[in-house]
Amino acid sequence: MTPVEPLNPEQLFQHTDPDRFSFETTAELDEIDHVIGQERAIEAVQFGVGIQQKGYNMYALGPHGLGKYATIHDIIEEKAAGESVPADWVYVHNFDQEHKPEAMSLPAGRGLELCEDMRKLVEELQAVIPAAFETEEYHAQRQAVEEELRERQEQAFEELKERAQEKDIALVQTPNGLAFAPMREGEVVPPKDFLSLPDDEQKRVQAEVEELQEELQRIMRQMPQWQKEIRERLKELQQEVATFTVEPLFEDLKEKYEDLDEVLDYLESVQNHVIENVDNFLQQQQQEDGNPLAMMMRGRRPQAQPPSFTEYEVNLLVDNSETEGAPVIHQELPTYQNLVGRTEHMSQMGALITNFTLIKPGALHQANGGYLLLDARKLLLQPYAWESLKRALRSQEVTIESLGQMYSLISTVSLEPEPIPLNVKVILLGERLLYYLLYQYDPEFGELFKVMVDFEDEMERNDDNDEAYARLIASMAKQNELLPFDRGAVARVIEYGARVVSDKERITTHMQSVSDLLQEANHWAREAGREVVQ
């Protein structure tokens, strides 16, 4: 057997000669614009960013402090700057199914325009509609329709009265309503006198009264139908006036958005709804909504509040009006709601209510069309977040769901927003152990995160890398406003980097530990009153 020989200190330690550097202090060196010793990882990131096939999301693995986030973020920022700006996304009211808000995609910046245009439109409608119904022409037409009902009723009763008079029977008004009574010589016969008439005469009068009574009942049964017809005609008149009033306002908007078919369909739905519900815009109607007595007279229940016209608002979910290139989002706290969005509620008269304007976006919405960076450990610690992310990537759409309803914890009716198509590149940053555990125990992980970006913990120690290390120290000193480091201090840092990895022929790439050392050295140098770290 070969005997084991002890190693002396010189064999375990490699000295870095400060004289091999051509600079005096790091103030003379240019900053380095990339992380050192991670060429393989950089190539993997560039591959992952470049390939656009489904499932080629990335997992950057390595200990914390290697500079994974900074490296990937810089590469992605450069790539994203040259890409097109993604579309805006808005939610609008669904007039057919109120609990299912509709999602619309608009070119970047147009979503904000539509929000503002709809706000102005509602303000204009609130002004012009009441004015249109206060004109003399409208009141004259309405009065003519109502007069027709009165004339029809009066004519029916007049004809019945004439038929009764021909048979010597009077139509009289009693406390209990209309009734018939026999007449003689133009005067109503008192009950006593009527009972003194011959039986044949009494039977004849009673038969004629019954016949007239049936005719009266027929007229009374027709009156609700006549009133219904009048109400329908009044509604038609109201809608005609409303159409004439609002059409020019909508035509201007339709002309502005003529290149967006979805918006045109939406504006058409809004126009029809406004015309159908024009009462909500009338000032008199709003006054009655606050007067319970007036509403009881109209057979309506009092409302808690006057109409708010929320259904005509536009919920701007994603606004890319000021975005340049593709978005790059880093979600620090990847909870379920922070990823996929949420529907908020507000308290009203002791009850929690919601509507489509309370739908809030998540990181997946904001990063749609771009890139999303997440800490793998934080993601896995959040309940339901990992499963929701996988579901979104697998289906390529973001669905905002209530956790309570999803897992049958509550049974109340809530909103079901239309899913939004998803096109995003997700980059997870985490430790190696998490990567291999996920790869081993989650069969979907390998399908969704096909690109492994493996960051090195150490790199070879040679002359080129020593020079790169010196420039790295110069960059850290300038970025953190530290004192310059002389070449002796640089040589000492390089020796420290070899000690960290316990290998005299290699050097650490753990930038956090190097940065901590520079910070501490800077502190003691300043305490000693020096201008350079030695």
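**A sheet and its helices**

Helix α8, residues 261-276, lies across strands β2, β3 and β7. Its direction runs at about 135 degrees to that of β3. The model is a predicted one.

Take the sheet itself next. It is open and has three strands, in the order β3-β2-β7, with antiparallel pairing. Its edge strands are β3 (102-106) and β7 (314-318), and each of these pairs on one side only. From one strand to the next, the twist averages 30 degrees. Strand β2 covers residues 88-92 and pairs with β3 in the antiparallel sense, over five bridges. Within that pairing, Y91 has A103 of β3 as its bridge partner. Helix α4, residues 110-132, also packs on the sheet. It touches β2, β3 and β7. The direction of α4 makes about 160 degrees with that of β7.

Now turn to helix α3. This helix holds 14 residues, 68-81. At 1.5 Å a residue it should span 20 Å, and its end C-alpha atoms are 20 Å apart, so the expected and modelled spans agree. Which residues of α3 are buried? They are K68, T71, I72, H73, I75, I76 and A80. What covers these buried residues includes two helix and strand elements from early in the numbering, α2 (39-50) and β1 (58-61). The cover also includes the strands β8 (328-331), β13 (371-375) and β16 (425-430).

The packing of α2 on α3 can be followed residue by residue. The axes of the two helices come within 10 Å and cross at roughly 40 degrees. That angle makes α2 oblique to α3, because angles under 35 degrees would count as roughly parallel. The crossing of α2 past α3 is right-handed. From α2, the residues that meet α3 are I42, V45, Q46 and V49. On the α3 side they meet T71, I72, I75, I76 and K79. Among these, T71, I72, I75 and I76 are buried residues of α3.

Helix α2 also contains E39. Is E39 buried or exposed? Its relative accessibility is 53%, so E39 counts as exposed; the cut-off for exposed is over 50%. E39 and F455 are 416 residues apart along the chain. Their C-alpha atoms are separated by 8.9 Å.

Last comes helix α18, residues 463-479, which holds S475. The relative accessibility of S475 is 2%, and S475 therefore counts as buried; the cut-off for buried is under 20%. What does S475 contact, leaving aside its neighbours within four places in sequence? The partners are E31 and I32.

Helix α18 packs with helix α20, residues 511-527, at an angle of about 60 degrees. The axes of the two helices are 11 Å apart. At this angle α18 and α20 are oblique to each other, as the range for roughly perpendicular is 65 to 115 degrees. The crossing of α18 past α20 is right-handed. On the α18 side, the contact is made by Y469, L472, I473 and M476. On the α20 side, it is made by M511, V514, S515 and L518.

Technical notes: Residues numbered from 1 in each chain as written. Predicted model: local features only at pLDDT ≥ 70, side-chain atom pairs only at ≥ 80, totals over all residues. Heavy atoms only, no water. Helix = DSSP H or I, 4+ residues; strand = E, 2+ residues; numbered from the N terminus. Expected span 1.5 Å × (residues − 1). Buried < 20%, exposed > 50% of the residue type's maximum accessible area, 1.4 Å probe, protein only. Contact = heavy atoms within 4.5 Å. Pairing = 2+ DSSP bridges. Axes fitted to C-alpha atoms, helices over the stretch in contact; angles between N-to-C directions. Parallel < 35°, antiparallel > 145°, perpendicular 65-115°, else oblique. Left-handed = near helix turned anticlockwise from the far one by under 90°.
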